[in-house]
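User: Please take one close look at the charged side chains in this model and how they meet one another. I would like a connected account that also sets them in the surrounding fold.

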Amino acid sequence: MLENLKKLEDSGKVGGSDYFKVQNGNNIIRVLTEGVYHESEFKDAKNGKVSITKKFVMFIIDRKDGKVKPYFAPYAIYKAIANLEEDPFFKFQGMPMPYDVNVKVENAGTLNVQYNVQASPNKSELTADEVKAAQEKGSIADYVKGLTEQDGTSAPAGNFSDGSPVPIQ
């Protein structure tokens, strides 16, 4: 049993470091994939209230440990990263992004959280090991599909209320 658990942990399918979570301060990442919109239910252990979380799931490299992880980005961060695509100083096309971004966070884990996304001025190619690690994770669409099947919910289709399309890969 322990051997099987170890294999799952090593593959990145389970375990505490399975996904990226921002901390207060600097959170330097490289975005590898488009974000896929995902909704899931969250039950508050204290009061039993059920709420829906709405996130954009993408694979990133966490520069703190160099691992490829899924990141459940809130709308504010996803929009700030997406806006870099047409920024006159940081313009890029396609994924992975050609540079790292720093997600600076204050009051992480609270309702008063504040985010500031900053692009690195240094463009760099991914290393062969980073490319291999990203390929081993597979498709972000397949990852989100697996989450959706676990949640028992169906993936949203169509457009957001403002008319913008739901991003897909």
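Analyst: **Salt bridges and their setting**

In this predicted model, the side chains of aspartate 100 and arginine 30 meet in a salt bridge, with 2.8 Å from N to O. This pair joins distant parts of the chain, since aspartate 100 belongs to strand E5 and arginine 30 to strand E1, and 70 residues separate them. Both partners, aspartate 100 and arginine 30, are buried.

Aspartate 100 has a further partner, for its side chain also meets that of arginine 63 in a salt bridge, at 3.0 Å from N to O. Here too distant parts of the chain are linked: aspartate 100 is in strand E5, whereas arginine 63 is in the loop between E3 and E4, 37 residues apart. The two ends of this bridge differ in their cover. The relative accessible area of aspartate 100 is 16%, and it therefore falls under the 20% limit for a buried residue. Arginine 63, with a relative accessibility of 29%, counts as partly exposed, because this value lies between the 20% and 50% limits.

From arginine 63 the chain of charges can be followed to glutamate 130, as their side chains meet in a salt bridge of 2.4 Å, N to O. This pair again links distant parts of the chain, with arginine 63 in the loop between E3 and E4 and glutamate 130 in helix H3 (residues 128-137), 67 residues apart. Glutamate 130 has a relative accessibility of 13% and so counts as buried. Taken together, Arg30, Arg63, Asp100 and Glu130 are linked in a network of salt bridges. A search of the whole structure finds five salt bridges.

The setting of this network is a chain with four helices and six strands, which follow one another along the sequence in the pattern α-β-β-β-β-α-β-β-α-α. Of its 169 residues, 30% count as buried. Among the contacts with a separation of 6 or more, 57% are between residues 24 or more positions apart.

Strands E1 and E5, which hold arginine 30 and aspartate 100, also take part in the largest nonpolar core. That core has 22 residues, of which Ile29, Val31, Met58, Tyr71, Ile81, Met97 and Val101 touch the most other members. At least two of its residues come from each of E1, E3, E4, H2, E5 and E6, and E5 supplies the largest share, four residues. Another core, of nine residues, lies apart from it and includes Leu32, Ile61, Leu126 and Val144. As a general point, nonpolar side chains in soluble globular proteins tend to be buried together.

Helix H2 shows how one element of the largest core is placed against the strands. The buried residues of H2 (residues 75-83) are Ile77, Tyr78 and Ile81. They lie on the same side of the helix, because the arc they cover around its axis is only 100°. An α-helix has 3.6 residues a turn, so residues three or four places apart point the same way. The buried residues of H2 pack against strand E1 (28-31), strand E3 (50-62), strand E4 (67-73), strand E5 (99-106) and strand E6 (114-123). Leaving aside residues up to four places away in sequence, isoleucine 81 touches Val31, Met58, Phe92, Met97, Val101 and Val117.

A polar side chain in the loop between E1 and strand E2 (36-43) adds a further detail, namely that of threonine 33. With a relative accessibility of 11%, threonine 33 counts as buried, and its side chain reaches the backbone nitrogen of phenylalanine 59 at 2.9 Å. Glycine 109, by contrast, is in the loop between E5 and E6, and a relative accessibility of 80% makes glycine 109 an exposed residue. Glycine 109 and lysine 21 are 88 residues apart in sequence, with 9.5 Å between their C-alpha atoms.

How values were computed:
Residues numbered from 1 in each chain as written. Heavy atoms only, no water. Buried < 20%, exposed > 50% of the residue type's maximum accessible area, 1.4 Å probe, protein only. Arc of directions from axis to C-beta. Contact = heavy atoms within 4.5 Å. Core = buried A, V, L, I, M, F, W, Y, C linked by side-chain atoms within 4.5 Å. Salt bridge = Lys/Arg side-chain N within 4 Å of Asp/Glu carboxyl O. Polar contact = N/O pair within 3.5 Å; in protein donor to acceptor, adjacent residues only side chain to side chain.
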